[in-house]
Amino acid sequence: MKKKRNKYNKIALFFLLPFLAGGFLFICIPLAVTIKGSFWKRNGEFIGLYEYQKLFQSGSFILSVKNMLLFFLAALPFLFLLSLAVALSMQFLKKRNSRWISALFLFHLLPMLLPSAVITVIFKIFLETYGVWNKVLTESGKESISFLYSKYDFWILIGIYLWKNYGYCMIVLYGGINGVAEETIESAKLDGAGAVRILFQIIFPQIKSFLLFVGSLGVTAVFKIFRESYLLFGKYPHESVYMLQNFMNNRLYAMDYGALSAASFFLILFFSVWIYIIFLRGRKENEE
């Protein structure tokens with residue numbers, strides 16, 4: 001039996017080798033080079049924490065981190081609420097055997113399937129100075145509004161973020177809600193529990209892992225929104241949407257590899273802490 005198990009372990013290791021080799025080549029080595037670049041100059045001179053000191057003294061870096069945190073605080077709760085509301089509505093339609101449910105699923109997932117270039121073109125058509133919305137305003141006798149490259153950019157970017165990501169998060173939550181036993185909900189209704197109480201005391205406790213996964217998707221999507229931001233607002237956007245990705249992209253163009261490496265290491269630490277929190281949470285749920 002032990003020989004058979006060792007044989008299966010060797011076969012499994014053989015199939016894992018391409019993944020391990022790729023991870024070492026494309027993740028571990030670049031990561032090590034990045035960390036080295038934040039502590040050593042290219043000529044091999046050790047500079048210690050100089051790049052990190054310079055980083056935290058940079059006004060543009062502080063602005064990018066502040067905007068990133070504000071975006072997290074503003075966008076993630078909206079993403080949770082929108083995804084949950086749509087998932088609950090789809091669950092309601094499923095119980096009613098609606099014939100439109102398949103079409104609605106496609107409608108909600110469509111933004112996720114659209115390329116970033118298409119999304120930015122759609123928003124530019126409506127929001128540019130001579131766009132559709134300003135044309136409506138001027139024809140009705142009102143002044144046009146500068147939507148792009150202004151204080152409105154922050155909320156426009158949040159709108160794009162929600163529109164692009166709520167569909168997939170909705171699917172995840174919908175799957176979790178479908179996993180809640182119908183008998184449990186019906187028993188709670190017979191005991192006099194209302195919809196809000198059922199949601200918070202029955203559904204939420206049973207879909208904790210799904211909620212945590214949606215949170216992870218939401219955090220990852222915040223960093224992916226840079227594509228739309230760059231295409232819509234350019235290299236130097238309004239200060240309200242100047243994110244960490246903009247700072248790193250500009251450091252790359254300026255060939256300031258030391259600051260770029262330090263900022264990358266800062267980003268790696270952030271993701272490591274987040275993944276560790278998710279790991280701890282998942283382990284606690286398994287123990288319970």
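In helix α9 (residues 195-206), F200 and F204 are 4 residues apart and therefore separated by about one helical turn; helices here are DSSP runs of H or I of at least four residues, numbered from the N terminus. The structure is a predicted model, in which local features need pLDDT of at least 70 and side-chain atom pairs count only at pLDDT 80 or more, while totals for chains, interfaces and linings use all residues. Residues are numbered from 1 along each chain as its sequence is written, and side-chain values use heavy atoms, with hydrogens and water left out.

Helix α7 (residues 153-178) has 26 residues and an expected span of 38 Å at 1.5 Å a residue, which agrees with the 37 Å between its end C-alpha atoms; the expected span is 1.5 Å times one less than the number of residues. A kink of about 40° is centred on Y166 in α7, the bend being the angle between axes fitted to the seven residues ending at a residue and the seven starting there. Because 19 of its 26 residues are buried, α7 is largely enclosed by the rest of the structure. Buried denotes under 20% relative accessible area, exposed over 50%, and partly exposed in between (1.4 Å probe, protein chains only).

Across the whole structure, 14 aromatic pairs are found. Rings of Phe, Tyr and Trp (its six-membered ring) pair if their centres lie within 6.5 Å, with planes under 30 degrees apart counted as stacked, over 60 as edge-to-face and the rest as tilted. One edge-to-face pair is F61 with F266, at 5.6 Å centre to centre and 75° between the planes. This pair links distant parts of the chain, as F61 in helix α3 (residues 59-95) and F266 in helix α13 (residues 257-287) are 205 residues apart. F61 is buried at 1% relative accessible area, whereas F266 is partly exposed at 29%.

Key: Helix = DSSP H or I, 4+ residues; strand = E, 2+ residues; numbered from the N terminus.
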